[in-house]
Amino acid sequence: MDVLAPLTQRRSVPSRLLAAPGPDRAQLETLLTAAMRVPDHGKLAPWRFVLIEGEARHVLGERLVARAREIDPNAPAAALEKDRERFCFAPTIVAVVATPVAGHKVPVVEQLLSGGAVCFALLLAAQGMGFGAQWLTGWAAYDREILAGLGLAPEEQLLGFIHIGTPQGEAPERLRPALPDKLSVFRP
């Protein structure tokens, strides 16, 4: 078994290519439990999950449309339709929320990085379980009104919406950076 295969073969499956079935309750608990096994300096667990599935996905899409119209009354119909459908494809969406502990000796940036690791671990766990997944944000991830509607407190941040489902096609490969372009060597 190639232990690096989950990393070297990882690809995001576009949310539009994700459909039912998604993980059942036992599988979802396994995925989320695995995703929490990340570096967490200070053992703060500075993150939490909000599960979005079923009719809630469509309700959230309608809230995005309403909010987009508030922000821009002249928003193009195509943009509004994209917002309406944004959460309608994957049967399971997990919003990963940063819950940083302010004033702690562990800097907030390290706490946010731990939450980012949760997002990535969830992608890997979903792929390992045979599902496709995509980590998305978009404007809604930064809009305080939308976030409040998802139950986020003012001090919380949304790190990503992890869309999980059964792939309905091949995940596209993308150009990856060449290691020599990204590697430098410290030589004092």
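Start by selecting α2: its buried residues pack against β2 (47-53), β3, α5 and β5. Keep in mind that this is a predicted model.

**Stop 1: helix α2**

Show the side chains of L28, L31, L32 and A35, the buried residues of α2. Now look down the helix axis. These buried residues fall within an arc of 90°, so they line one face of α2. Turn to the face pointing away from that buried side. There you find A26 and E29, both exposed.

Next, pick D24, which caps the N-terminal end of α2. One of the side-chain oxygens of D24 lies 3.2 Å from the backbone nitrogen of A26.

**Stop 2: the largest nonpolar core**

In soluble globular proteins, nonpolar side chains tend to be buried together. Here the largest nonpolar core has 21 residues. Select V94, V96, L122, I162 and I164, the members that touch the most others in this core. Then colour the elements that give two or more residues to the core: α2 (25-35), β3 (92-98), α5 (108-128) and β5 (157-167). Which element gives the largest share? That is α5, with 7 residues.

Centre on L122. Beyond its neighbours within four places in sequence, L122 is in contact with L31, L32 and A35. L122 also contacts V94, I162 and I164. Of these partners, L31, L32 and A35 are buried residues of α2 from the previous stop.

A second core, separate from this one, has 16 residues. Select V50, L60, I146 and L150 to find it; they are among its members.

**Stop 3: helix α3**

Select residues 55-71, which form α3. This helix has 17 residues. From first C-alpha to last, α3 reaches 25 Å, close to the 24 Å expected at 1.5 Å a residue.

Which residues of α3 are buried? Show R57, L60, G61, L64, V65, R67 and A68. L60 also belongs to the second core. Now bring up what covers the buried residues of α3, including β2, α4 (77-85), β3 and α6 (144-149).

**Stop 4: T99**

Finish in the loop between β3 and α5, where T99 lies. Is T99 buried or exposed? T99 counts as buried because its relative accessibility is 19%, and the cut-off for buried is under 20%.

Display the polar atoms around T99. A polar atom of the T99 side chain lies 3.0 Å from the backbone nitrogen of W47. Leaving out residues up to four places away in sequence, T99 touches A45, P46, W47, R48, Q111 and E156.

Notes:
Residues are numbered from 1 along each chain as its sequence is written. This is a predicted model: local features need pLDDT of at least 70, side-chain atom pairs count only at pLDDT 80 or more; totals for chains, interfaces and linings use all residues. Side-chain values use heavy atoms; hydrogens and water are left out. A nonpolar core is a set of buried Ala, Val, Leu, Ile, Met, Phe, Trp, Tyr and Cys residues joined through side-chain atoms within 4.5 Å. Buried means under 20% relative accessible area, exposed over 50%, partly exposed in between (1.4 Å probe, protein chains only). Helices (H or I, at least four residues) and strands (E, at least two) are DSSP runs, numbered from the N terminus. Contact means heavy atoms within 4.5 Å. The arc is that of the directions from the helix axis to the C-beta atoms. A polar contact is a pair of N or O atoms within 3.5 Å; within protein, one must be able to donate a hydrogen and the other to accept it, and residues adjacent in sequence count only if both atoms are side-chain atoms. The expected span of a helix is 1.5 Å times one less than its number of residues.
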